[in-house]
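Visitor: Hello! I am new to this structure, and I would like to learn how to read its inside. Could you walk me through it?

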Amino acid sequence: KPLKRMGFQRDASLWREARRAEPFEVLTRVTKKKGFDQQVCGFVGFTGYCRDKEQVLTDMLQRIVHRGPDSRDSYLDSDIALGFARLSIIDLAGGKQPMTNEDDSLVLLFNGEIYNYQDLRDDLMDAGHYFKTQTDSEVLLHGYEEYGAELLNKLRGMFAFVIWDRKKKKLFGARDYFGIKPFYYAQMGKSFLFGSEIKSFTPHPDFKLELAEEYLPDYLTFACVPGYDTFFRGVKKLPPAHYLEYQNGELTITRYWTPRFSIDSTRSMDSFADEIAQTFRQSVEAHKISDVEVGCFLSSGVDSSYVASELSKMQPVRTYTIGFDDPRYSEAADAKKLADEIHVENVEKKVTSEEYFQTAGDVQYFLDEPLGNPSANLLYFVSQRAAENLKVVLSGEGADEMFGGYNVYKEPLAVGKYQRCLPRFVRKGIASMARKLPDFHGKNFLIRGSQTVEERYIGNSYVFHEGEREQYLKKDYGAKPPQFYTKPFYDQVPEQDDVTKMQYMDIHVWMVQEILLKADKMSMAHSLELRVPFLDKEIFRVASAIPQKYKVSKENTKLALRKAAGRYFNAESANRRKLAFPLPLPEWLREERYYQMVKGYFTNESAARFFNTDQLVKLLDDHRAGKPLLSAKIWAVFSFLLWYEQYFVLKR
């Protein structure tokens, strides 16, 4: 039966072999022979006329060689150029890309994994499709032939792919449900460019390198460019759960799936914990498939601990942890304690201030888009260390958004009683008076307690507040309020409780623009594939039903997930509060060496073009003098200037 499910009924010699040997032995030999293929890579392409098309495509691929250092290949015709850089997780000739269907009418580029491809393959074979390989890539080709865009709702996995229809001269592209895999595109001149990273567009003769500086106020607020535009004018991101079609110069973009919360308040905590445990085990099982060793990132939190614990039941595991000399910021001791308990190897990468600042420019280059989140640099280092031994790691990204894990999700509980006790107009009056007074304990509570969740919560990253950011900017950009980006998502879930509203907004904003951006770019910078078993369609199905009381309490977050995880490792690890990649950056920025380094950037020609440099220096000096909560602002501006240097000054 398992052989038949994988399509081997068409190969008589394999069936004869199966009759002569033990089933598991044959299954192992046959799968090695025929193969399962994970397409870990980068891709790039363009339509339209271009002189020296082959050389241009080669140059574009070279910019993303870090995503696929093992092989590169291409497809070119008079209408399109397609390039593929591959990291061989399972190195089989059958998985070569670009891939065509049986009559060569469709051409595919695919980055990702389809976990349910065997079931889809069976259905397609029953419908009369003939397969040349055992890859999930070919399932996309035949699935598109059979179902068109409806294929996307049948998939379970992470993906970004394009299919070129040679007969219709039509391009179809899609991005997975949560935005795990990146997908950029741009219409410039008579060309349509698309690919895994923006930097691959720069060698194309039609690409115009121009800064969309009107997004600077938004960047200062979110520490990234929110929405689906980028700082590269004309370059956009295909939103998660969307597909595009490009034909005869016309582009259409369509949403194919929307995450829906359907809260079930009738079930018990234990019922949810049971279902979480079962579904998560299946997800980890699917994510671990590989012919190479699979490891894990491990912090002190429950998310990565749960991933490592589940994987350790299936195979030997090496885990990788970031540490610092200063124990106040290091999670290494707690991670090592968990690793010892579940009997897995733990490798600590100790990060020094010198290497952190020395590589900060490279981090911004590999990110493609400026990101003022200092944890991206830590992910860069742990990926670098893991890549010395591995090509694949699992990580805990997405658990906070799925199960209610951020500490700020407790806020509706904290302000709820205050909001119920006093009418809103009274709370508004109190907040108005509080704003005029010097800082005092409870001031922020009174202000936020006067606001609805839609007004007060724009995500985990709220760096420069509206009204504050303008004093640092040299120009008036007519900036939008941050709610311009968040309100549309709140409007889609008006009936949900405040915690669920915050989750829904974070799934569409924070998770896509920060969490998954740095996860993909920092791991692929070192040719390392990062897989995220919490960001699975079936995991979301379970999580979407959990009521608020099983997500957060005044004491902790992710209650149902912790209940499930606590069955498999110690309660201390299962219930440890979220730390969010702590690091000694505030202390480092006060050291003379790094103070002078940042000050140099804050007063250089690029800074003077966009910012009031005297205000930037004052910000740096205030931090050095001990004024709290300024390091995030400093790092956001510094990160932008580093990124601008990489792309617009050095033009790497």
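Guide: Gladly! A nonpolar core is a set of buried Ala, Val, Leu, Ile, Met, Phe, Trp, Tyr and Cys residues joined through side-chain atoms within 4.5 Å. Please keep in mind that this is a predicted model.

Visitor: Which residues touch the most other members of the largest nonpolar core?

Guide: First, the general idea: in soluble globular proteins, nonpolar side chains tend to be buried together. Here, the largest nonpolar core has 187 residues, and Phe161 and Phe640 touch the most other members. Helix α29, residues 631–649, gives the most to this core, with 12 residues.

Visitor: What does Phe640 touch, leaving aside residues up to four places away in sequence?

Guide: Counted that way, Phe640 is in contact with Leu211, Leu216, Tyr219, Phe231, Pro370, Phe610 and Phe611. There is also a second, separate core of 19 residues, with Phe84, Phe183, Phe192 and Tyr246 among them.

Visitor: Now for empty space. How many cavities of 30 Å³ or more are there?

Guide: Rolling a probe the size of a water molecule over the atoms shows where empty space is left. In this model the count is 5 cavities of 30 Å³ or more. The largest cavity holds about 120 Å³ of space. It is lined by 14 residues, and the closest to its centre are Arg175, Pro182, Tyr184, Val512 and Leu517.

Visitor: Which helix gives the most to the lining of the largest cavity, and how does that lining divide into nonpolar, polar and charged residues?

Guide: Helix α21, residues 510–524, gives the most, with 6 residues. By class, the lining has 7 nonpolar, 2 polar and 5 charged residues.

Visitor: And what lines the second largest cavity?

Guide: That cavity has a volume of about 60 Å³. Its lining is made of Ile180, Lys181, Leu516, Ala519, Asp520, Ser523, Leu530 and Val532. Helix α21 appears here too, giving the largest share of this lining with 4 residues. The classes are 5 nonpolar, 1 polar and 2 charged.

Visitor: My last topic is cysteines. How many disulfides does the structure hold?

Guide: A disulfide is a covalent bond between the sulfur atoms of two cysteines. This structure holds 0 disulfides.

Visitor: Is Cys296 buried or exposed, and why does Cys421 get its label?

Guide: Buried means under 20% relative accessible area, and exposed means over 50%. Cys296 has 0% relative accessibility, so this residue counts as buried. Cys421 is exposed because its relative accessible area is 56%.

Key:
Residues numbered from 1 in each chain as written. Predicted model: local features only at pLDDT ≥ 70, side-chain atom pairs only at ≥ 80, totals over all residues. Heavy atoms only, no water. Buried < 20%, exposed > 50% of the residue type's maximum accessible area, 1.4 Å probe, protein only. Helix = DSSP H or I, 4+ residues; strand = E, 2+ residues; numbered from the N terminus. Contact = heavy atoms within 4.5 Å. 1 Å grid on protein atoms, 1.4 Å probe; cavity = no way out; pocket = protein on both sides within 12 Å on 5 of 7 lines; lining within 4 Å. Points joined across faces, edges and corners; volume = space filled by probe spheres on them. Nonpolar A, V, L, I, M, F, W, Y, C, P; charged D, E, K, R; others polar. Disulfide = S-S within 2.5 Å.
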